[in-house]
Amino acid sequence: MLSVEEALTRILTEIQPLDTISLPLDQAIGSILAQDIIAHEAIPPFDNSAMDGFALLSKDSKPKQDQPARLRVIGSVAAGYVSQTRVEEGTAMRIMTGAPVPPGADAIIQVELTNSDGSQSDWVEILHEVSPGNNIRPAGEDMQNGQKVLQRGQEIGAWEIGILATLGYAHIDVIRAPQVAILGTGDEVVDLDVELQPGQIRNSNSYLLEAAVRRAGGIPHRLGIARDTSENLREKLGAALNYDLILTSGGVSVGDFDLVKDIMHEQGQMNFWRINMKPGKPVAFGHISGVPLLGLPGNPVSSAVTFELFGRPVIRKLQGYTQLLRPQIDVIVENGIQETARRRHYIRAHVTWQQGRFIARTTGNQGSHIMTSLLQANALLVIPEGGAIIKPGGSVKALMLDWPESETTA
Ligand SMILES: Nc1nc2c(c(=O)[nH]1)N[C@H]1C(S)=C(S)[C@@H](COP(=O)(O)OP(=O)(O)OC[C@H]3O[C@@H](n4cnc5c(N)ncnc54)[C@H](O)[C@@H]3O)O[C@H]1N2
Ligand code: MOO
């Protein structure tokens, strides 16, 4: 059986980032840039005031015979307007934050350091001496015309959106999000609007996977449920060939109706089957007609955990991300663990930061059918192959499911 690391490497080797599309800026959050971003203008575009106050000649701010300099106020300039009037020696102009510095002035003094007769006053006393450039934000101080500000391959977050908007990029080239087909399998599995008959269960996996795919940045499409016949599975998978990735759940073990692997052999290729892990051993990976297919196990927890470990990195790589894997940290296991499994065990746990340490508490019954073991689980404790006994207060590695991906390879 493959190790988790081998399986990940074999999967990711087969996956390459998708092609580029142009997106309106307001839809680009979370995408990876497919172009370098060059500033085609200086930012700020013009010298402007950092304060509400007065524009003046700095040399006019010197006290005269111990008396504050008194200047004639020749006008006012608000943000959004350009003053044509020149500030000459002995004069000052009222100015607001963000307004262009009027010609002639080489400094701004904030209003709190002046004295005047109010907003209509035609004089102002300068209570502090200022140097040239005081409170002036020069053109190009932030970004210069021609400067490369963002690089191809960078993730677009809210701050990048702000910079792109500042530079006037209304559309940008990004790597497109993958279209992901999700197929449930099994004669026992029915949709949510159907009244359960004896022996039936609801198709929870497809809904969980749909949500998880969306959270990973993919565009999910539930393609229903394939019955346990080769014909029906073939037909349903045939409808999935226009997608970038196919996720199935169920039908990958050794039962009489576990047919996903057969169809992969028949219509494409199976790269591997089975990983030395619990939950999630029977994962199968390959392609049909060139479309990558990740066959996840039917047990709900196995399906959820293997999606996090393998499906999510695939969706990220398709989107052009290079950081694909969640970080692992050392945590203290509050309630201890006794584990004898031969496979590597991923135990659902809730990790919190308490008094300077990360403390993990496992989430109860770890059966791969116990969906409630996923509730509160923000981490998977990694118990090595062969098992381990960890006393209460002992330490173990935890894969942090709610920390941003920071690692590139397995
Ligand atoms: N003889 C063996 N039996 C099993 C083995 C094994 O090694 N030898 N492995 C077990 C393990 S581990 C797992 S995991 C499961 C995986 O089986 P499949 O992936 O083939 O899944 P199914 O048999 O179709 O279903 C398993 C379980 O999950 C429920 N299920 C299926 N689809 C859904 C769905 N869409 N939503 C919710 N629940 C679903 C299904 O009813 C079954 O209870 O195999 C073990 N058996
Ligand atoms: O691998 Mo199965 O997921 O242990 O139940």
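**Notebook: a domain, its helices and two ligands**

I started with residues 181-317: the C-alpha atoms at the two ends of this span lie 17 Å apart, and the span is 34% helix and 30% strand. I picked that stretch since UniProt, in an unreviewed entry, places the feature "domain: MoaB/Mog" at residues 181-317. Note to self: this is a predicted model.

**Entry: H3 against H6**

How do the axes of H3 and H6 cross? I looked up helix H3 (residues 204-215) and helix H6 (residues 300-318), and their axes come within 10 Å and cross at roughly 30°. Angles under 35 degrees count as roughly parallel, so H3 is roughly parallel to H6. The crossing of H3 past H6 is right-handed.

Next I listed who touches whom. From H3 I have Ser204, Asn205, Leu208, Leu209, Ala212 and Val213, and they meet Pro300, Ser303, Ala304, Phe307 and Ile315 of H6. I sorted the residues of this H3 and H6 contact by class and got eight nonpolar, three polar and no charged.

**Entry: H1 against H6**

H6 has another partner in my notes, helix H1 (residues 4-13). H1 and H6 pack with their axes 10 Å apart, at an angle of about 30°. That angle makes H1 roughly parallel to H6. I also noted a right-handed crossing where H1 passes H6.

Which residues of H1 meet H6? I found Val4, Ala7, Leu8, Ile11 and Leu12 on the H1 side, and they meet Leu309, Phe310, Pro313, Val314 and Lys317 on the H6 side. By class, I wrote down nine nonpolar, no polar and one charged for the contact of H1 with H6.

**Entry: around ligand 1**

I turned to the ligands. How many residues surround ligand 1? I have 26 of them, and the closest are Asn205, Gly250, Ser253, Pro297 and Gly298. Asn205 is a residue I had already met, in the contact of H3 with H6.

Both of those helices turn up here too: H3 and H6 each supply at least two residues of the shell around ligand 1. H3 gives the most to this shell, with three residues. Sorted by class, the shell around ligand 1 has eight nonpolar, 15 polar and three charged residues.

**Entry: around ligand 2**

For ligand 2 I wrote out the surrounding residues: Lys278, Pro279, Gly280, Lys281, Pro297, Asn299, Ser302 and Ser368. Pro297 is also listed among the closest residues to ligand 1. The shell around ligand 2 divides into two nonpolar, four polar and two charged residues.

**Entry: backbone oddments**

Where does Pro279, one of the residues around ligand 2, sit in the chain? I place Pro279 in the loop between strand E19 (277-278) and strand E20 (284-288). The peptide bond joining Lys278 and Pro279 is cis, with omega about -5°.

I logged another cis bond, from Ile43 to Pro44, where omega is near -5°. Pro44 belongs to the loop between strand E2 (37-38) and strand E3 (48-49).

Last item: Ser289. Its phi is near 45°, a positive value in a residue other than glycine. Ser289 lies in the loop that runs between E20 and strand E21 (291-296).

Key: Residues are numbered from 1 along each chain as its sequence is written. Chains are lettered from A and ligands numbered from 1 in the order in which they are written. This is a predicted model: local features need pLDDT of at least 70, side-chain atom pairs count only at pLDDT 80 or more; totals for chains, interfaces and linings use all residues. Axes are lines fitted to C-alpha atoms, for helices over the stretch in contact, and angles run from 0 to 180 degrees between N-to-C directions. Helices (H or I, at least four residues) and strands (E, at least two) are DSSP runs, numbered from the N terminus. Angles under 35 degrees count as roughly parallel, over 145 as roughly antiparallel, 65 to 115 as roughly perpendicular and the rest as oblique. A crossing is left-handed if the near helix is turned anticlockwise from the far one by less than a right angle, and right-handed if clockwise. Two residues are in contact if their C-beta atoms, placed from the backbone, lie within 7 Å. Ala, Val, Leu, Ile, Met, Phe, Trp, Tyr, Cys and Pro count as nonpolar, Asp, Glu, Lys and Arg as charged, and the others, Gly among them, as polar. A residue is near a molecule or strand if its C-beta atom, placed from the backbone, lies within 6 Å of it. UniProt positions are given in the numbering used here, feature names are shortened, and annotations may be inferred rather than shown by experiment.
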